[in-house]
Amino acid sequence: MLLTNLEFAFRAASVALLLVLAASLLHDFRNVLAARLGAAFVLGVVAHAVSYSLDVTSPVPLWHAPLIALSTGTIVVFWLFTRALFDDEFRLRWWHGLIWALVAAFSFAGCVWIAPSGHVRFSVTVVNLIVLGFIALAVGQMIASWPADLVERRRRVRVFIVCAIALYGGLNAVLQIAVAGHHVGAVAETINAGVLACTVAAIVYAMMRVDGAGLFQAAAEPAPPTIFSQPAADDSADQKLVDALMRLMADERIYRQENITIGVLATRLKLPEYRLRRLINQRLGYRNFNVFLNNHRIEEAKAALADPAQAEVPVITIAMDAGFQSLGPFNRAFKAVTGVTPTEYRRPKADPV
């Protein structure tokens with residue numbers, strides 16, 4: 001009885017914290033994709049907290065199956081949330097919803113048909129391998145994208161959130177595969193519920209320590225209005241570094257290089273990467289390294305689009321010359337900065353008055 005009550009208390013605490021977090025995200029950042037996906041993920045974790053059990057030896061009640069399916073589908077939302085959190089250009093597509101529906105449908109079928117027909121281990125193993133696969137995709141996205149974030153505290157919080165969720169979800173998936181078909185007992189269930197409550201509390205605490213607008217702002221972050229201006233600098237050493245950086249941008253146009261990273265730029269300037277991050281963030285006002293690069297690229301593209309001598313040059317050529325790898329990201333970045341598409345920007349410049 002004591003273990004049952006303790007497990008219930010852990011689950012209730014998790015649900016309460018999660019509901020408060022979801023309400024906060026939707027209230028304060030409803031227009032930010034990463035926050036909306038975060039809220040959807042949090043609500044999915046509520047279903048997990050209510051329905052999850054390491055013990056899969058007994059038949060699942062029919063009313064319980066939709067909760068388990070929703071809980072399983074949440075791993076797809078976690079992957080999408082990670083992509084939106086670390087990739088400023090990420091947009092939802094129709095097939096993202098289809099993937100979620102397929103994963104949830106398979107989980108539901110496992111509860112009401114596959115497992116009851118005597119294939120418990122098969123059902124549990126496949127579902128949890130799917131979970132592990134999406135966790136791997138999310139972690140891979142984080143590793144590939146997080147270096148572009150220039151705000152140190154925010155970078156740490158984002159990585160902590162993803163790693164904590166991935167660790168908890170990964171361990172649960174491995175455990176379910178290992179014990180599928182075996183009774184695990186009340187102690188294991190209580191420990192699992194306690195670990196979930198601690199994980200949720202740690203994530204909420206970490207998010208409280210960083211400004212929410214900073215955590216979710218990058219995806220909709222406006223460009224600084226004057227990217228080539230020299231900001232006032234009290235420290236002469238920093239000012240020299242700013243001068244050297246701007247020479248690389250304006251004279252050598254290093255932003256044109258394919259797959260340019262902040263590490264490459266730091267090497268060219270012969271200074272530690274952390275110091276360059278701080279310089280671009282605190283001296284130039286940028287929160288994201290890709291935004292910093294793209295604004296320089298867009299300035300070059302704007303000049304080319306306004307040049308009558310290049311009126312016949314295709315937009316894609318101008319975009320590629322400025323350092324963009326494809327037309328889609330160029331169009332989105334250009335419109336985010338100027339408010340119009342490249343074609344709309346070019347038309348009044350090319351037409352005679």
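The protein chain contains 15 helices and zero strands. The model is a predicted one, and the C-alpha atoms of the chain fill a box of roughly 80 × 45 × 35 Å along the principal axes. Of its 353 residues, 46% are buried. Among contacts with a separation of 6 or more, 74% join residues 24 or more positions apart.

Helix H1 spans residues 2-28 and comprises 27 residues. From its first C-alpha to its last, H1 reaches 39 Å, close to the 39 Å expected at 1.5 Å a residue. The buried residues of this helix are Glu-7, Arg-11, Ser-14, Val-15, Leu-18, Leu-21, Ala-22 and Leu-25. Two of these residues, Leu-21 and Leu-25, are in contact with Met-207, and Arg-11 belongs to the lining of the largest cavity.

In soluble globular proteins, nonpolar side chains tend to be buried together. In the present model, the largest nonpolar core has 51 residues, of which Phe-78, Met-207 and Phe-216 touch the most other members. At least two residues of this core are supplied by each of H1, H2 (33-51), H3 (65-86), H5 (120-145), H6 (152-179), H7 (186-208) and H8 (212-216). The surroundings of Met-207 illustrate the packing: with neighbours within four places in sequence left aside, Met-207 is in contact with Leu-21, Leu-25, Val-157, Ile-161, Leu-215 and Phe-216. Apart from the largest core lies another, of 26 residues, which includes Val-242, Met-246, Leu-284 and Val-291.

Internal space was examined next. Rolling a probe the size of a water molecule over the atoms shows where empty space is left. Two cavities of 30 Å³ or more are counted in the model, and the largest holds about 40 Å³ of space. The residues that line the largest cavity are Arg-11, His-48, Ala-49, Tyr-52, Tyr-168, Asn-192, Ala-193 and Leu-196. Helices H2 and H7 each supply at least two residues of this lining, and H7 gives the most, with three. By class, the lining comprises five nonpolar, two polar and one charged residues.

Thr-199 is also placed in helix H7. This residue counts as buried because its relative accessibility is 16%, under the 20% limit. Beyond its neighbours within four places in sequence, Thr-199 is in contact with Ala-164 and Tyr-168. Tyr-168 is, in addition, one of the residues lining the largest cavity.

The loop between helix H9 (236-250) and helix H10 (262-269) holds Gln-257. With a relative accessibility of 36%, Gln-257 counts as partly exposed. Not counting residues up to four places away in sequence, Gln-257 touches Arg-268 and Arg-297. The C-alpha atom of Gln-257 is separated by 9.3 Å from that of Phe-324, although the two residues stand 67 residues apart along the chain.

Asn-259 has its place in the loop between H9 and H10 as well. Its phi is positive, at about 55°, although Asn-259 is not a glycine. Most residues other than glycine have a negative phi. Asn-259 counts as exposed because its relative accessibility is 62%, over the 50% limit. A positive phi, of about 60°, is likewise found at Lys-270, which is not a glycine. Lys-270 lies in the loop between H10 and helix H11 (273-283). With a relative accessible area of 77%, Lys-270 is exposed.

Towards the end of the helix numbering, Arg-346 is located in helix H15 (residues 342-350). Arg-346 is buried, since its relative accessible area is 12%. With neighbours within four places in sequence left aside, its contacts are with Leu-305, Gln-310, Ala-311, Val-313, Val-315 and Ile-318. The C-alpha atoms of Arg-346 and Ala-250 are separated by 22 Å, and these two residues are 96 residues apart along the chain.

How values were computed:
Residues numbered from 1 in each chain as written. Predicted model: local features only at pLDDT ≥ 70, side-chain atom pairs only at ≥ 80, totals over all residues. Heavy atoms only, no water. Helix = DSSP H or I, 4+ residues; strand = E, 2+ residues; numbered from the N terminus. Expected span 1.5 Å × (residues − 1). Buried < 20%, exposed > 50% of the residue type's maximum accessible area, 1.4 Å probe, protein only. Core = buried A, V, L, I, M, F, W, Y, C linked by side-chain atoms within 4.5 Å. Contact = heavy atoms within 4.5 Å. 1 Å grid on protein atoms, 1.4 Å probe; cavity = no way out; pocket = protein on both sides within 12 Å on 5 of 7 lines; lining within 4 Å. Points joined across faces, edges and corners; volume = space filled by probe spheres on them. Nonpolar A, V, L, I, M, F, W, Y, C, P; charged D, E, K, R; others polar.
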